[in-house]
Every structure is written in structure tokens, then in C-alpha cells.
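Okay, thanks everyone, let's get going. I'd like to walk you through one model today, so have a look at the screen first.

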Amino acid sequence: ANIDYSACTFNRTRALAGGGAVLVQSGDVRFTSCHFIQTEGGGLGGAVYSYYVANVDFTACTFDRTRSGNSGGAVGVQGGDVRFTSCHFVQTEGGGFGGAASYY
């Protein structure tokens, strides 16, 4: 499946495991001009956790005060490809490695 998020705002979202706003497990996903504000994931990826996805693309996205209980304060990626273009990371915090992003 291909999924496109455009001009979306995820504000104060929380997940007990990974991906405080979005968990992606299959397909190609694009985020364009999206804002992730005060999102929190208990595992990998305070805002987005991508698990063996072919491609995840972030363009002109803002990650503001995102936090993960593990690695990747904003984005956690396990397998697959990820691309960030013109993105802003502000006060992102990972409980393990990668305050902004982590890749496994």
C-alpha cells in the first residue's frame, strides 16, 4: 500500500510502544509538510516508527519536542529506506541512541 500524508498535524499523540503518532509496517509512505508536536513513543520513534518498509520519505516536516523511550527521538527505522528533505528537528529526545533519528 502507498500512503501519503500532506499538511497533517499530529499534536500530543502517544503510543505505549513505538511510533508516538504513526506506525508503518508495509508499503511506501510519504509525509509532506507535516508537523509532529509533542509526540511520544514508548519504544522506537517518538513520532514515527517504520518497520521494514520499502521507502519512507519526509519532506518539509517539523518534529517539535518529540520523545521516545528507546532510540530515535523523532523517527525510528528498522530496515527499508528513509529520506529527510528540508526537515526541522527541535528538542527531540531519544531514551537510547539517536536524539532525532535511529536506523537499524
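Let me start with Tyr52, which at 54% relative accessibility counts as exposed. Our cut-offs there are under 20% relative accessible area for buried, over 50% for exposed and partly exposed in between, using a 1.4 Å probe and protein chains only. The areas themselves come from Shrake-Rupley with a 1.4 Å probe, and for residues only the protein chains shown count as cover.

Quick housekeeping: this is a predicted model, so local features need pLDDT of at least 70 and side-chain atom pairs count only at pLDDT 80 or more, while totals for chains, interfaces and linings use all residues. Residues are numbered from 1 along each chain as its sequence is written, and side-chain values use heavy atoms, with hydrogens and water left out.

Back to Tyr52. This residue sits in strand β8. When I say strand, I mean a DSSP run of E with at least two residues, and helices would be H or I runs of at least four, all numbered from the N terminus. Together with Leu23 and Tyr51, Tyr52 makes a nonpolar surface patch of about 330 Å². Patch residues need over 30% relative accessible area and no salt bridge; nonpolar side chains (Val, Leu, Ile, Met, Phe, Trp, Tyr) are joined within 5 Å, and like charges within 9 Å.

So what does β8 pair with? Strand β8, residues 48-59, runs parallel to β11, residues 75-85, with 10 bridges joining them. Pairing here takes at least two DSSP bridges between two strands. Val48 has Val75 as its bridge partner in β11. Carry on from there, and β11 pairs with β14, residues 101-103, over 3 bridges, again in the parallel sense. Val75 turns up once more, with Ala101 as its partner in β14.

While we're in β14, look at Ser102. At 6% relative accessibility, Ser102 counts as buried. Leaving out residues up to four places away in sequence, its contacts include Leu44, Val75, Val77 and Phe97, where contact means heavy atoms within 4.5 Å.

Now the other side of β8. Strands β5 and β8 run parallel with 5 bridges, and Thr32 stands opposite Thr59 in β8. Strand β1, residues 2-6, also joins β5 in parallel through 5 bridges, with Ile3 partnered by Val29. I like the pattern along β5, residues 28-32: Val29 and Phe31 point to one face and are buried, while Asp28, Arg30 and Thr32 point to the other and are not.

Arg30 brings us to charges. How many salt bridges does a search of the whole structure find? The answer is 4, counting a side-chain nitrogen of Lys or Arg within 4 Å of a carboxyl oxygen of Asp or Glu. Arg30 meets Asp4 at 2.7 Å, N to O. That pair links distant parts of the chain, strand β5 and strand β1, 26 residues apart. Arg30 itself is partly exposed, at 37%.

Next, Glu93 and Arg67 meet at 3.7 Å, N to O. Glu93 lies in β13 and Arg67 in β10, so this salt bridge ties together parts 26 residues apart in sequence. Salt bridges with shared partners join Glu40, Arg67 and Glu93 into one network.

Those strands have a sheet of their own, by the way. It is an open one of 4 strands, ordered β3-β7-β10-β13, with parallel pairing. The edge strands are β3 and β13, each pairing on one side only. Between β3 and β7 there are 2 bridges, and Ala15 has Gly41 as its partner in β7.

Last topic: cysteines. With a disulfide taken as a pair of cysteine sulfur atoms within 2.5 Å, the count comes to 0. For Cys8, the nearest cysteine sulfur is that of Cys34, 4.5 Å away. For Cys61, the nearest is also that of Cys34, at 4.8 Å. Cys61 is buried, with a relative accessible area of 0%.

Then there's Cys87, in the loop between β11 and β12. Is Cys87 buried or exposed? Buried, at 18%. Cys87 touches Phe58, Thr59, Ala60 and Cys61, not counting residues up to four places away in sequence. Its C-alpha lies 7.2 Å from that of Phe58, with their positions 29 residues apart in sequence.

Okay, that's my tour.
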